[in-house]
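Subject: Structure for you to look at

Hello,

Here is the structure I said I would pass on. My notes on it follow below.

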Amino acid sequence: MAAAQRGDARAYDDLLKSVVPFIRALLRRRIKSAPLLEDVTQDVLLSVHRVRHTYNPARPFTPWLAAIVARRGVDALRRGGRISRLETQDEDAAATFADSEANNVLGSHDAERELEELLAQLPDAQRQALQLLKVRELSLAEASKVTGLSIGALKVSVHRAIKSLRAKVERDAASR
Amino acid sequence: MTDRTQQLIADLVTQLTPVRPLRAPLARAATWLAVIAVLAALVVMYPTRVLHRSTYTLTDVELWSMLATAVLGVIAAFHLSVPESSRRWAWAPIAPLIVWVLSSGHSCYRIWHAGVPATNLPAESPECFRFIVIVSVPLAAFLLWMLRRARPLAPLPVAFTAGIGVAAASAFLLQFFHPFDVTFMDLAAHLAAVGVVTGLVAASGHKALG
């Protein structure tokens, strides 16, 4: 380390590579997760680089390094504790996405395709009114110009279309 | 070793520049205390307004505990700024701080017990507060500047002990300009100022050192 403090890159490279197993061994006492262990090891290396001027060449290197490892290990555990307090575990999440049947149900709910199928079953006037007013979100006046229907007729068509769709969806859901 | 760790080591080696090892914490603390002592001596020697002195002066216990709080607070801050020192240093200024507060409280009791009329006691509490806060600013700036060189891994305990040290040092310097006994109000002003300074230095130091 004393050589690294003088700017000896080769000595620094050797030192950092040789201390990685020691850092991991110390951290493994507190951290079991392999990805976290790797992250904290890198954090320690960054800290060693940042505070390398605080090492006193007259003193042993290991206690100095162990102090940095201990500090960064505690920081990681505290950070992990804070995150786990703020996050909520969704125990059903894995079952929902890992279960093949659940995925099939989710797949059948392809909203766009289902909407197209439902719209295709409506009478032309209702389908056109619904597409213009609810899908393309035109105003009643604009939809009236496009279709040539009165505003009142458009309102009635949309109302009937939604009623039909609701009934159809409820029937489908009941039959599943 | 993973590829990412190997890459990180390669990056750190590329960025390596020579550094001068930091002096021992005690030596750095001694430097700060010596500079402050010299400046304080110069200020004290300069003709200044001496406030009203009553027959009740501060006891040796008060003065020494105040000075010990300042010295131990500063030494603790320098120790805590480097990785290898024990984190128990954070407790170092607490014992003299407690003695200081208790002995000041005892002085207040003595004044009250002696039945000194309130009109005979100088009402300098706001000035005490201002003195401690204002004098603390340059002291804290100088101390944080020195501590910053260590780039502490845990800045909060460093900033906190530095705050206690600076506040106590300012309160000690106040005694050269405020050589009368403390009243309840003075004690409240001293403690409020010490609390404010410690809080401000801890907050600003946490950011400055982080």
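What should the 17 residues of helix α3 (residues 34-50) of chain A span at 1.5 Å a residue, and how far apart are its end C-alpha atoms? The expected span is 24 Å and the end C-alpha atoms lie 24 Å apart, so the two agree. Please keep in mind that this is a predicted model. The buried residues of α3(A) are Leu37(A), Glu38(A), Val40(A), Thr41(A), Gln42(A), Val44(A), Leu45(A), Ser47(A), Val48(A) and His49(A).

Chain B overall

Chain B holds seven helices and zero strands, and from the N terminus on its elements run α-α-α-α-α-α-α. Of the 210 residues in chain B, 47% are buried. Among the contacts in chain B with a separation of 6 or more, 88% are between residues 24 or more positions apart.

Helix α6 (residues 155-177) of chain B passes the same kind of length check: its 23 residues should span 33 Å at 1.5 Å a residue, and its end C-alpha atoms are 33 Å apart, which agrees. This helix, α6(B), is mostly covered, with 19 of its 23 residues buried.

Aromatic pairs

Over all chains, a search of the whole structure gives four aromatic pairs. One of them joins Tyr55(A) and Phe61(A), with 5.7 Å from centre to centre and 80° between the planes, and is edge-to-face. Tyr55(A) is buried because its relative accessible area is 6%, under the 20% limit. Phe61(A) also counts as buried, at 17% relative accessibility. Ring pairs link Tyr55(A) and Phe61(A) with Trp64(A) into a cluster.

In chain B, the rings of Phe142(B) and Trp145(B) have centres 6.4 Å apart and planes at 20°; planes under 30 degrees apart count as stacked, so this pair is stacked. Both residues lie in helix α5 (residues 125-148) of chain B, three residues apart, which is about one turn of the helix. An α-helix has 3.6 residues a turn, so residues three or four places apart point the same way. Phe142(B) counts as partly exposed at 23% relative accessibility, whereas Trp145(B), at 61%, counts as exposed.

The largest pocket and Ser85(B)

The largest pocket has a volume of about 270 Å³. Its lining is made of 16 residues, and those nearest the centre are Ala67(A), Arg71(A), Pro83(B), Ser85(B) and Arg87(B). Helix α4 (residues 61-86) of chain A gives the most to the lining of this pocket, with four residues.

Of the residues nearest the pocket centre, I looked further at Ser85(B). Ser85(B) sits in the loop between α3 (60-80) and α4 (94-114) of chain B. Is Ser85(B) buried or exposed? Ser85(B) has a relative accessible area of 19%, and the limit for buried is under 20%, so Ser85(B) is buried. A polar atom of the Ser85(B) side chain lies 3.1 Å from the backbone oxygen of His79(B). Not counting residues up to four places away in sequence, Ser85(B) touches Pro25(B) and His79(B).

Other residues in chain B

Arg151(B) is found in the loop between α5 and α6 of chain B. Arg151(B) has a positive phi of about 50°, although it is not a glycine. With a relative accessible area of 40%, Arg151(B) is partly exposed.

Gly210(B) is in the segment after α7 (184-209) of chain B. Gly210(B) is exposed, with a relative accessible area of 65%. Which residues is Gly210(B) in contact with, leaving aside its neighbours within four places in sequence? They are Pro155(B) and Gly205(B). The C-alpha atoms of Gly210(B) and Leu153(B) are separated by 7.6 Å, with the two positions 57 residues apart along the chain.

One more residue in chain A

Ala153(A) lies in helix α10 (residues 151-175) of chain A and is partly exposed, with a relative accessible area of 29%. Ala153(A) and Ala129(A) are 24 residues apart along the chain, and their C-alpha atoms are separated by 9.2 Å.

Regards

Terms used
Residues are numbered from 1 along each chain as its sequence is written. Chains are lettered from A and ligands numbered from 1 in the order in which they are written. This is a predicted model: local features need pLDDT of at least 70, side-chain atom pairs count only at pLDDT 80 or more; totals for chains, interfaces and linings use all residues. Side-chain values use heavy atoms; hydrogens and water are left out. Rings of Phe, Tyr and Trp (its six-membered ring) pair if their centres lie within 6.5 Å; planes under 30 degrees apart count as stacked, over 60 as edge-to-face and the rest as tilted. Buried means under 20% relative accessible area, exposed over 50%, partly exposed in between (1.4 Å probe, protein chains only). Helices (H or I, at least four residues) and strands (E, at least two) are DSSP runs, numbered from the N terminus. A polar contact is a pair of N or O atoms within 3.5 Å; within protein, one must be able to donate a hydrogen and the other to accept it, and residues adjacent in sequence count only if both atoms are side-chain atoms. Contact means heavy atoms within 4.5 Å. The expected span of a helix is 1.5 Å times one less than its number of residues. On a 1 Å grid over the protein atoms alone, a cavity is a set of points where a 1.4 Å probe fits but cannot get out, and a pocket is an open set with protein on both sides within 12 Å along at least five of seven lines; lining residues have an atom within 4 Å of a point. Grid points are joined across faces, edges and corners, and a volume is the space filled by probe spheres set on the points.
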